[in-house]
Amino acid sequence: MGKSSIYMRAAEKMNATLLEREQEHEREKEKEREQEQQQRKSKGKRYRDMRRSRTIIQAEQLDILYGCYFKDPNPGKHEFEQISEWVHLPKKVVQIWFQNMRARERKESSFLPHSSSRRPRTHLSCLQLSILQSCYETCAHPNAMECEAIGTELNLPLKVVQIWFQNTRAKEKRWRLQQEKMVNGLRCLHFNM
């Protein structure tokens, strides 16, 4: 009985020591994590401190900037210097304002429908597509007269028929090249085995 209680106390002591070590190890890990977080935060703060504060442009300055922009949206170096003197802002601020305006204009124009010079996309019916496909299988390179005849039959403009044939040939060519790459890849794989 005495012997087993000694073993029990030794085991308890050993467990307590191991538990203490484990807890100490966890505390050290936690400290390291906190230090890493602090370092990351201070790096981010340093970066934010390095950035220039945002420039507030007054209404009078904006009037001048817009006037200059509508005259020339992409001025040269000397024009930027002149404009920055007129608006009493650093040249870099003026350049960035112009960049942002051009980007905003491009973004807005991308939401507008395409210009009237471009014709709307033609949507082909299943019947038109199947007829075009069978014509393609007969002759992949029809001449202008053949395209016109097909267009008349399908009630499609000549240009639409010609472009459909061009696109179909291009798709077929891409598909063939893809197949060749796959076959060559398999050959290389087989050869290396």
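## Exercises on an all-helix chain

Let's start with contacts: of those in the chain with a separation of 6 or more, 57% are between residues 24 or more positions apart, where contact means heavy atoms within 4.5 Å. Before you dig in, note that this is a predicted model, with local features needing pLDDT of at least 70 and side-chain atom pairs counting only at pLDDT 80 or more, while totals for chains, interfaces and linings use all residues. Residues are numbered from 1 along each chain as its sequence is written, and side-chain values use heavy atoms, with hydrogens and water left out.

### Exercise 1: the overall layout

Work out how many helices and strands the chain has, and what share of its residues is buried.

Step 1. Go by DSSP runs, numbered from the N terminus: H or I of at least four residues for a helix, E of at least two for a strand. That gives seven helices and zero strands, so the pattern along the sequence reads α-α-α-α-α-α-α.

Step 2. Now sort residues by relative accessible area: buried is under 20%, exposed is over 50%, and partly exposed is in between (1.4 Å probe, protein chains only). Of the 193 residues, 15% count as buried.

Step 3. For the surface, use the Shrake-Rupley method with a 1.4 Å probe; for residues, only the protein chains shown count as cover. The accessible surface comes to about 17,000 Å², and 55% of that belongs to carbon and sulfur atoms.

### Exercise 2: the cores

Find which elements give two or more residues to the largest nonpolar core.

Step 1. Recall what to look for: buried Ala, Val, Leu, Ile, Met, Phe, Trp, Tyr and Cys residues joined through side-chain atoms within 4.5 Å. The largest such core has twelve residues, among them L65, F80, V87, W97 and M101.

Step 2. Assign them to elements. Those giving two or more are α2 (59-71), α3 (77-87) and α4 (91-111), and α4 gives the largest share, five residues.

Step 3. Zoom in on V87. Leaving out residues up to four places away in sequence, V87 touches Q61, I64, L65 and V94.

Step 4. Don't stop there: a second, separate core has ten residues, including C147, L154, L156 and V161.

### Exercise 3: the cysteines

Explain why C139 and C147 are not bonded to each other.

Step 1. A disulfide is a pair of cysteine sulfur atoms within 2.5 Å. By that rule, the count for this model is zero.

Step 2. Check the distance. The closest cysteine sulfur to that of C139 is in C147, 8.4 Å away, so the two are too far apart for a bond.

Step 3. Look at the surroundings as well. C139 is partly exposed at 30% relative accessible area, and C126 counts as exposed at 67%.

### Exercise 4: two residues of α5

Describe where Y136 and Q128 sit and what each one touches.

Step 1. Y136 is in helix α5 (residues 126-138), and Q128 lies in helix α5 too.

Step 2. Y136 counts as buried because its relative accessibility is 6%. Q128 is buried as well, at 15%.

Step 3. List the partners, again skipping residues up to four places away in sequence. Y136 touches W164, F165, T168, R169 and E172. Q128 touches H123, L154 and L156.

Step 4. Add the C-alpha distances. Y136 and W164 are 28 residues apart along the chain, with their C-alpha atoms separated by 9.7 Å. For Q128 and I150, 22 residues apart, the separation is 9.8 Å.

### Exercise 5: positive phi in the loops

Decide whether H88 and N155 are buried or exposed.

Step 1. H88 is found in the loop between α3 and α4, and N155 lies in the loop between α6 (144-154) and α7.

Step 2. Neither is a glycine, yet H88 has a positive phi of about 55 degrees and N155 has one of about 60 degrees.

Step 3. H88 counts as exposed because its relative accessibility is 69%. N155 gets the exposed label at 71%.
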